[in-house]
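Hi everyone, thanks for coming. Let me put a structure up on the screen, and then we can walk through it together.

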Amino acid sequence: MHELTREQARGIAVRAQLLAEPRPTDVLEVVAHLTLLQLDPTKVVVPSAHLVLWSRIGSGYERTDLEDALTAGELVEIGGMATPLPHVPLHRAVMAGWPGAGDRPWHAEVAGWVEDNDECRREILETLRQEGPLTAPDLPDAIVRPWTSSGWTHDKSVLKLLDIMAARGEVLVVGREGQHRLWDLAERVFPDDPVPPMEEATAELRRLRLHSLGIDRGAKLADVGEPARIEGVRGTWRVDPSYVGAGACTRTVLLSPLDRLVLDRARMAALFDFDYQLEQYKPVERRRFGYWALPVLHGHDLVGKVDCTAEPGEGVLRVDAVHEDPVGGPDGPPWTEEVRAAVHAEIDALATWLGVEALLMPGVRR
């Protein structure tokens with residue numbers, strides 16, 4: 001059992017996410033280590049995947065690096081995530097077991113819906129075989145039982161069927177045409193590498209996940225890493241021992257709201273005692289931090305949020321607010337001039353990388 005202070009646990013989490021020195025230099029290296037890179041299209045500053053890579057690599061990262069890796073098939077899009085090619089057989093093992101282990105009611109319901117629309121599924125596969133890659137509007141719509149839900153997929157039956165076919169390993173996204181995803185047969189892209197047994201694959205995915213996070217908790221991680229307790233934090237955690245005792249974290253970083261360091265909000269709150277929500281879907285009057293506020297990492301602490309928007313046409317990165325949180329948690333000290341200077345240096349670095357200038361709005365303290 002590892003006995004860790006909260007500061008030590010934070011350092012492990014930060015270092016595992018490649019947010020400490022030395023910086024990585026290669027896109028494939030970063031994605032392979034992170035295991036997954038969310039390809040979210042929101043462009044308030046820059047699409048999240050590019051911000052995640054810039055946060056690690058720095059000014060040497062060019063957006064074409066990711067695009068080239070996807071085009072060349074060195075990264076494969078699975079479930080909206082850029083996935084390293086060597087990891088694909090692990091995911092194919094999971095796909096082969098669709099809809100998953102257990103006896104959950106929704107498994108039978110979704111499987112039944114797919115079976116009812118099997119003729120449409122077969123027509124899609126044949127059309128892609130003859131004409132692919134194609135967007136959803138260009139594919140046959142022979143749905144006989146429409147998809148119903150309370151969410152955005154309601155009555156978007158072909159899109160829902162394509163997502164399920166992707167989860168089964170039959171099709172996958174190979175690019176974009178405007179706002180539409182381009183679909184093709186998975187067999188044209190997936191490597192011919194052997195697919196491991198499901199149990200072996202899921203165990204390896206859990207190991208990779210913990211190595212990318214450094215420290216986490218949950219029953220599904222019971223067979224990976226080593227047990228740990230964190231001072232002042234409830235529960236037993238699992239830690240990758242390779243990070244225990246590693247050096248201090250000294251970088252100041254602006255993070256994507258979808259960065260894996262903060263994406264699991266419960267884990268973020270437990271480890272970092274940090275108050276943050278993505279307010280993209282909140283009414284304007286209820287937002288505290290901003291539509292797409294970027295969490296600020298300083299050393300091993302999350303210390304604030306930067307509410308900013310890139311406006312390439314105006315040549316600026318407009319900074320509407322810099323929210324300064326106490327360092328280390330609610331009871332910590334306020335920002336020093338050193339912290340403030342480091343954060344603004346990072347804002348300037350982001351603007352330079354975007355090819356614009358930082359424009360601080362009235363009330364933003366430098």
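Let's start with T309, which stands opposite R318 in β14. One thing to keep in mind throughout is that this is a predicted model. The pair we just met belongs to β13 and β14, which run antiparallel and are joined by eight bridges. β13 covers 301-311 and β14 covers 316-324. Follow the chain around the hairpin between these two strands: there are four residues in between, and G315 takes a positive phi near 75°.

Now step back to the whole sheet. In what order do the strands sit? The order is β11-β12-β13-β14-β15, in an open sheet of five strands with mixed pairing. β11 (252-254) and β15 (357-360) are at the edges, and each has a single partner strand, so one side of each has no neighbour in the sheet. On average, neighbouring strands here are turned by 30° against each other, ignoring direction.

A general reminder while we are looking at strands: in a regular strand, side chains alternate between the two faces of the sheet.

Let's visit the two edges. At one of them, β11 pairs with β12 (residues 294-298) in the antiparallel sense, over three bridges. If you want a residue to click on there, try V253, whose bridge partner in β12 is L297.

At the other edge, are β14 and β15 parallel or antiparallel? They run parallel, with four bridges joining them. Here you can pick out L317, whose bridge partner in β15 is A358. To get from β14 to β15 the chain goes through α12, and this β-α-β crossover is right-handed. Helix α12, residues 337-354, lies across β11, β12, β13, β14 and β15, and runs at about 155° to β14.

For the last part, please turn to another region, with two helices. These are α5 (residues 88-96) and α9 (residues 198-213), whose axes come within 9 Å and cross at roughly 130°. The two helices are therefore oblique to each other. The crossing of α5 past α9 is left-handed.

Which residues meet there? From α5 we have L90, H91, A93 and V94, and they meet M198, A201, T202, E204, L205 and L208 in α9. Sorted by class, this contact has seven nonpolar residues, two polar ones and one charged one.

That's my tour. Thanks for listening, and feel free to rotate the model yourselves!

Note on methods
Residues are numbered from 1 along each chain as its sequence is written. This is a predicted model: local features need pLDDT of at least 70, side-chain atom pairs count only at pLDDT 80 or more; totals for chains, interfaces and linings use all residues. Side-chain values use heavy atoms; hydrogens and water are left out. Axes are lines fitted to C-alpha atoms, for helices over the stretch in contact, and angles run from 0 to 180 degrees between N-to-C directions. Angles under 35 degrees count as roughly parallel, over 145 as roughly antiparallel, 65 to 115 as roughly perpendicular and the rest as oblique. A crossing is left-handed if the near helix is turned anticlockwise from the far one by less than a right angle, and right-handed if clockwise. Contact means heavy atoms within 4.5 Å. Ala, Val, Leu, Ile, Met, Phe, Trp, Tyr, Cys and Pro count as nonpolar, Asp, Glu, Lys and Arg as charged, and the others, Gly among them, as polar. Two strands pair if DSSP finds at least two bridges between them. A crossover is right-handed if, with the strands pointing away from the viewer, the path from the first strand over the helix to the second runs clockwise.
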